[in-house]
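Trainee: I should like to understand how the terms used for a structure are justified. May I put some questions to you?

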Amino acid sequence: MRKIIKNGTIVTATDTFKAEILIENEKIKAVGTDLPSEGAEVIDANGCYVFPGGIDPHTHLEMPFGGTVTKDDFETGTIAAAFGGTTTIIDFCLTDKGKPLKDAIKTWHAKSKDKAVIDYSFHLMISEINENVLKEIPKVIEEDGITSFKVFMAYKNVFQADDETLFHTLVTAKEHGALVMVHAENGDVIDYLCKKALEEGKTDPIYHALTRPPEVEGEATGRACMLTGLANARLYVVHVSCAQAVGKIIEARNNGIQVYGETCPQYLLLDQSALEKPDFEGAKYVWSPPLREKWHQDVLWNALKNGQLQTLGSDQCSFDFKGQKDLGKGDFTKIPNGGPFIEDRVSVLFSEGVKKGRITLNQFVDIVSTKNAKLFGLFPQKGTIAAGSDADLVIFDPNARRTISAKTHHMAVDYNAFEGMEITGEPISVLSRGEFVIRDKKLVAEPGRGRYLKRAKFSQEIEAPKQVVTK
Ligand SMILES: [Zn+2]
């Protein structure tokens with residue numbers, strides 16, 4: 001099977017140039033001009049950019065949470081991702097205390113088997129450290145190719161791990177070449193503020209934001225950074241939402257601590273006022289960390305532009321407004337936390353970031369794809385356009401105009417948090433390992449073609465820390 005993409009403008013994290021891409025079987029065979037194309041199917045990308053497929057490092061598909069299960073599973077979630085220009089996702093595998101880590105991985109394989117249309121991998125949650133867990137961690141890294149571990153500093157009595165567990169995880173991960181990811185919010189303080197709000201009869205969705213102020217995220221981010229420095233480990237802070245957390249990451253990086261930060265489209269484009277929408281509609285915008293006052297958006301955009309935040313995850317965690325979000329009517333603490341962003345992550349960053357001059361085209365590719373591949377042990381198989389890499393490619397029309405709506409999106413959920421937003425730029429065709437998944441905006445792949453990806457260990461050579469700025 002040979003294909004050749006002609007007339008497109010190739011964009012990587014470093015370069016923008018006109019060239020052809022020759023695909024043979026699943027791989028990119030060559031990038032250049034006047035490539036031998038006998039017997040190859042010709043794909044005309046005239047007027048379009050060709051990007052490496054997006055890599056979404058943060059999804060929760062078919063995940064039990066808050067007394068229900070996220071609406072999008074590995075089939076609808078990966079189909080929506082592909083429509084949006086994403087060809088790889090890394091989903092969070094939840095573990096149960098007292099049970100083998102391997103059991104959780106089996107459960108996640110069972111959920112994803114025969115469903116995904118694009119390639120996928122798993123991060124693994126660590127909620128306790130004991131002799132069994134310590135024995136299993138090296139096996140999980142070597143046998144399952146899971147090289148990133150997530151620790152929750154929030155969700156008291158549900159997912160939250162204590163500082164001893166976080167520190168021990170950092171030390172252990174460092175020893176075995178893995179990356180630790182944190183949900184950084186102070187769960188103890190949030191628990192106190194929630195109880196107090198409910199006692200005072202404050203039950204509306206807006207109190208979700210008011211009981212998780214930016215300070216609880218800033219404090220936990222700073223604590224995680226300090227502990228990372230002490231362990232001489234590496235840290236990836238998921239869903240950074242506010243100036244307080246960005247400040248702690250910048251401070252840590254300036255002090256030579258190896259910390260990386262992810263933000264999400266929702267924090268760049270929506271603000272706290274959405275939670276005040278009438279008729280309980282604010283519940284559509286309940287996730288954690290919560291949306292912030294609008295001024296935080298400029299801080300996040302600047303941090304992306306300056307490389308102080310490196311990646312964009314969707315934090316896809318979708319619940320229907322009717323039948324799921326309404327579990328929290330009359331008590332905001334019972335609103336299932338999460339929103340639907342897997343489909344629009346790439347397009348909104350292009351439209352709001354590149355088209356509005358906030359980031360460059362090459363930075364955009366780095367943020368939605370390349371950096372994620374590098375941090376999570378998938379580079380150069382994924383995340384770039386080069387001979388030998390998987391032919392995961394997005395043919396993207398930079399001038400197409402469309403309006404985001406739940407009526408036209410492909411996620412299984414009954415609303416879109418960006419409803420009515422007009423954006424510029426749209427994926428036309430999406431290839432995964434040389435096969436069309438989306439062709440001329442239509443799904444042409446069967447569920448189950450996506451493959452599980454074993455990932456390499458964290459490599460300092462691939463993702464060198466930024467030069468330390470000395471004051
Ligand atoms: Zn998440």
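Trainee: What makes certain protein atoms donors of the zinc ion?

Mentor: In this predicted model, the atoms in question are NE2 of His-58, NE2 of His-60 and OD of Asp-315, lying 2.1 to 2.2 Å from the zinc ion. A donor is an N, O or S atom within 2.8 Å of such a metal, so these nitrogen and oxygen atoms qualify. Along the chain, the donors follow the spacing H-x1-H-x254-D.

Trainee: Why is it said that His-60 and Asp-315 tie parts of the chain together?

Mentor: His-60 belongs to the loop between strand S8 (54–59) and strand S9 (64–65), whereas Asp-315 belongs to the loop between strand S17 (311–312) and helix H11 (345–354); the pair therefore ties together parts that are 255 residues apart in sequence.

Trainee: Are His-60 and Asp-315 buried or exposed, and what does the word imply?

Mentor: Both His-60 and Asp-315 are buried. The term means that each has under 20% relative accessible area.

Trainee: Which residues are closest to the centre of the largest cavity?

Mentor: The largest cavity holds about 120 Å³ of space. Of its 16 lining residues, the closest to its centre are His-60, Phe-65, Tyr-155, Asp-315 and Cys-317. It is called a cavity because a 1.4 Å probe fits inside but cannot get out.

Trainee: What is the volume of the largest pocket, and which helix gives the most to its lining?

Mentor: The volume of the largest pocket is about 520 Å³. Among the residues closest to its centre are Tyr-155 and Arg-212. Helix H5 (residues 187–199) gives the most to the lining, with 6 residues.

Definitions and conventions. Residues numbered from 1 in each chain as written. Predicted model: local features only at pLDDT ≥ 70, side-chain atom pairs only at ≥ 80, totals over all residues. Heavy atoms only, no water. Donors = N, O, S within 2.8 Å, 3.2 Å for Na, K, Ca; no water. Helix = DSSP H or I, 4+ residues; strand = E, 2+ residues; numbered from the N terminus. Buried < 20%, exposed > 50% of the residue type's maximum accessible area, 1.4 Å probe, protein only. 1 Å grid on protein atoms, 1.4 Å probe; cavity = no way out; pocket = protein on both sides within 12 Å on 5 of 7 lines; lining within 4 Å. Points joined across faces, edges and corners; volume = space filled by probe spheres on them.
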